[in-house]
Amino acid sequence: MSDAGDDRALWAELFDIAVPPAEAERETRRRGLFSRFKESLTKPRQAISPQLAGVFAPGLITRETWDELEEALIGADCGMDASLALVDALRDAAQQGRIVNRSEIAAGLANAVTLQMTPEPPRIPIGAKPTVILVVGVNGSGKTTTVGKLAHRLSELGQQVVIGAADTFRAAAIDQLAIWADRSGAQLVRQGPGADPGAVAFDAVVSGSARGADVVLIDTAGRLQTQHNLMEELRKVHAVVGKAAADAPHETLLVLDATTGQNGLSQARLFGEAVPLTGVIVTKLDGSAKGGIAVAINRELGLPVKLIGVGEKLEDLQPFDAAAYAQAIFASGDAG
Amino acid sequence: MFDTLSDKLQSVFSGLRGRGKLTDADIDQAMRAIRLSLLEADVSLPVVKQLTGAIGERARGAEVMTSLTPDQQVVKIVNEELAKLMGGASVNMPVAPRPPTVILMAGLQGSGKTTCSAKLARYYQQQGRAPMLVACDVHRPAAAEQLSVLGGQLGIPVHREDGVADAVGIAERGIAAAKAAVRDLVIVDTAGRTVIDEAMMAELVGVRDAVHPTAVVLVLDSMTGQTAVEVAQAFEDAVQFDGVILTKLDGDARGGAALSVRAVTGRPIYFVGTGEKIDALEPFHPDRMASRILGMGDVLSLIERAQQTVDVDQAKDLEKKILGGGMTLEDFLDQLRQIRKMGPIGQLLGMVPGFKTAMKGRDLQVDDRQLDRLEAIISSMTPSERRRPDTINGSRRQRIARGSGTSVQEVNQLLAQFKQMRKMMKRFGKGGMPPMPPALGT
């Protein structure tokens, strides 16, 4: 069911890479793909969650409707502030007569979320040679897997990729990355376990430049945002990368587990204080986890979501589509 | 980051004191503050509702309405209701009457199963058991390797089968291998899965039925949000887990997910993971979790750690010395080292109730490396200098600075502070205490 050509066009657009000839009708394909992508996001759930079926059923809007909506947003981990703001926006629309029936709320909400998050499709332009992408996040958020999948996608588009295995702490993290590098044909720059992560990152960028690579992906060790020394280490990795190549890293992406609750705000805030973040990757957005914390983070810190992972398979990592995501928030988590 | 619930309630009730009686509207406002506080801590919405219902009912009772300190009364009720929901006492993980005890680890991807499996093995190894690890995560690349590395560090055998995709088979053979090697505890690590992946859930059920675990343990990330209930319910429906291990609790997550899972499934929490290191696993204390969820610090854990690391007799001797004004830099170094044995200083301070609130907005980052420098400076002194800091003249200061890789200013600062501290302690000693014998070294 996955059509490689379509995917390529979508990723090429994300990375701002010229697509090889056969992609003349790229625009139409892209449209087709976005709708399919929405489908893939909502497929496991199909139905709107039972709790919300009442909210969206045709009928008059009452006070309870807003309460139920607020609860649904909180239940998706959007947090109190973001939830109230969204409900207020919709209530205003209702008072102005732009929303009359309950059945219009879903569309109105998707609209409001889309407007807030990213009206424009996200970009990770691969321009500088090499373009350096630093991937950071807490333990277990899915950094290594995401780096592996990104390497695969970039390789598919004919990009030469170097991966820097700067997670030298977790046992076997380097081996895990080596397997991904092998699968995608990317080159791996590694040192032994316990090596200085700054040195690995530096080596990766220098060797990427020397080999004429297009992209250098740097995987870092997971760290809780409250661990001061480890955050200082990250700061150093970031600085060292900047010394290895001008303007690097070009992207610093925070990987956020979609099951994360309000702690996600603290993660985005403290990681952002240590290294300037350029975007968020939400992983494990599988239907039960709605990742609403990304909405709260975007609202508070203005950080765009660039990629989302909706499952374990390679094709489950996708460029973020705010409209599809907004709809997904209201889908039921029940399988089948 | 968060206001504690006490702060919030204080502001709700401030201005009401002295008015005598609280109205229903006041209580409603307090309930909203509680609701917000619990939601910020990621307690799931249905559980929040259940809790605020119970708390509200009690708060409307006479004890609060007529109290002079209604905020404290309400906090007390909240604490009690939370503790009630968390379950009273700590619960131990079950042990099989006939060895080996088999523990099956289950959980979402990235919750920390593999690390936890190793920590658990180490914990029981310390208690004199003979654990064995079985690597059944056939999906994540290098997961078996990770377990092998951790097992190797601990000297605990790991059963792994590279290139085999059949998790059930590996589990069966792992148990057989453990029996053959007379290991009395087998910890089976499984692949992380999402709850909507039926094939993966079926695999987990297959492994469970093959190994007949003494306990199925759900590994839960303490940063989990509202989805915790769904996750727990899905694992409960599929494999009926017996208890929970809560991971990554060393961060600033309030861990409301723990409360939700407990409230919905009734399953106890056995352990909490509190750090990167392999020994960072502690038994779970329900009452302390309640304080954490409310953002109120954890003074009991702090005391416990102090008791584990501080030698009581030594401490008594030192107290005498300090109060007599006879403390030397040697004693100071001992003290410093003992405190540091208890853990990173920032983590310790976080356990002090009210500390986080008091420091809010201020950049008080207690850096362990600052303490490293103190240690280095004192260690660069000769024993006689440590006992008699007054003898440290200019050229000695230069030598100490060079030796410790610091500057003369830093050495000066340390000596000045030490002098002042000793003076203060002496005054303490002379104050409320009976006169002490004249101390040596002054």
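**Chat about a predicted two-chain model**

Modeller: In this predicted model, chain A holds an open sheet of 8 strands with mixed pairing, arranged in the order S3-S2-S4-S1-S5-S6-S7-S8.

Colleague: Which strands are the edge strands of that one?

Modeller: Strand S3 (187-189) and strand S8 (317-319) of chain A are the edge strands, each pairing on one side only. Across the sheet, neighbouring strands are turned by 25 degrees against each other on average, if direction is ignored.

Colleague: And how many bridges join S1 to S4 in chain A?

Modeller: Strand S1 (residues 131-137) and strand S4 (residues 215-220) of chain A run parallel and are joined by 5 bridges, and within that pair Thr131(A) stands opposite Val215(A) of S4(A).

Colleague: What lies across S2, S3 and S4 there?

Modeller: That is H8(A), which runs at about 175 degrees to strand S2 (161-166) of chain A while lying across S2, S3 and S4. The same helix also matters for the contact with chain B, where H8(A) gives the most to the side of chain A that touches chain B, with 4 residues.

Colleague: OK, the interface then. How many residues are in contact?

Modeller: On the chain A side 37 residues are in contact with 39 residues of chain B. Helix H4 (63-75), helix H8 (173-184), helix H10 (228-244) and helix H11 (263-274) of chain A each supply at least two residues of that side, and by class the chain A side divides into 12 nonpolar, 19 polar and 6 charged residues.

Colleague: Back inside chain A, at what angle do H5 and H6 cross?

Modeller: The axes of helix H5 (residues 80-95) and helix H6 (residues 105-117) of chain A come within 10 Å and cross at roughly 125 degrees, so H5(A) and H6(A) are oblique to each other. Their crossing is right-handed.

Colleague: Which residues meet there?

Modeller: From H5(A) there are Leu86(A), Ala89(A), Leu90(A) and Ala93(A), and these meet Ile105(A), Gly108(A), Leu109(A), Ala112(A) and Val113(A) of H6(A). The residues of this contact divide into 8 nonpolar, 1 polar and no charged.

Colleague: Switching to backbone oddities: where are the peptide bonds cis?

Modeller: In chain A the bond from Lys129(A) to Pro130(A) is cis, with omega near -5 degrees, and Pro130(A) sits in the loop between H6 and S1 of chain A. In chain B the bond from Pro99(B) to Pro100(B) is cis, with omega near 0 degrees, and Pro100(B) is placed in the loop between helix H5 (70-86) and strand S1 (101-107) of chain B.

Colleague: I also noticed the phi of Asp42(B); what is it near?

Modeller: It is near 70 degrees, a positive value in a residue other than glycine, and Asp42(B) is found in the loop between helix H2 (24-40) and helix H3 (45-59) of chain B.

Colleague: Buried or exposed, that Asp42(B)?

Modeller: Asp42(B) counts as buried because 30 C-beta neighbours lie inside 10 Å. His212(B) also has a positive phi, of about 45 degrees, although it is not a glycine, but His212(B) is exposed, with 10 other C-beta atoms within 10 Å. His212(B) lies in the loop between helix H9 (198-211) and strand S5 (215-221) of chain B.

Colleague: Last one: how many residues of S7 in chain B are buried?

Modeller: For strand S7 (residues 269-273) of chain B, 5 of its 5 residues are buried. Strand S6 (residues 243-247) of chain B runs parallel to S7(B) and is joined to it by 3 bridges, with Ile269(B) as the bridge partner of Val244(B).

Note on methods. Residues numbered from 1 in each chain as written. Chains lettered and ligands numbered in written order. Predicted model: local features only at pLDDT ≥ 70, side-chain atom pairs only at ≥ 80, totals over all residues. Axes fitted to C-alpha atoms, helices over the stretch in contact; angles between N-to-C directions. Parallel < 35°, antiparallel > 145°, perpendicular 65-115°, else oblique. Left-handed = near helix turned anticlockwise from the far one by under 90°. Contact = placed C-beta atoms within 7 Å. Nonpolar A, V, L, I, M, F, W, Y, C, P; charged D, E, K, R; others polar. Buried ≥ 20, exposed ≤ 12 C-beta atoms within 10 Å, placed from the backbone. Pairing = 2+ DSSP bridges.
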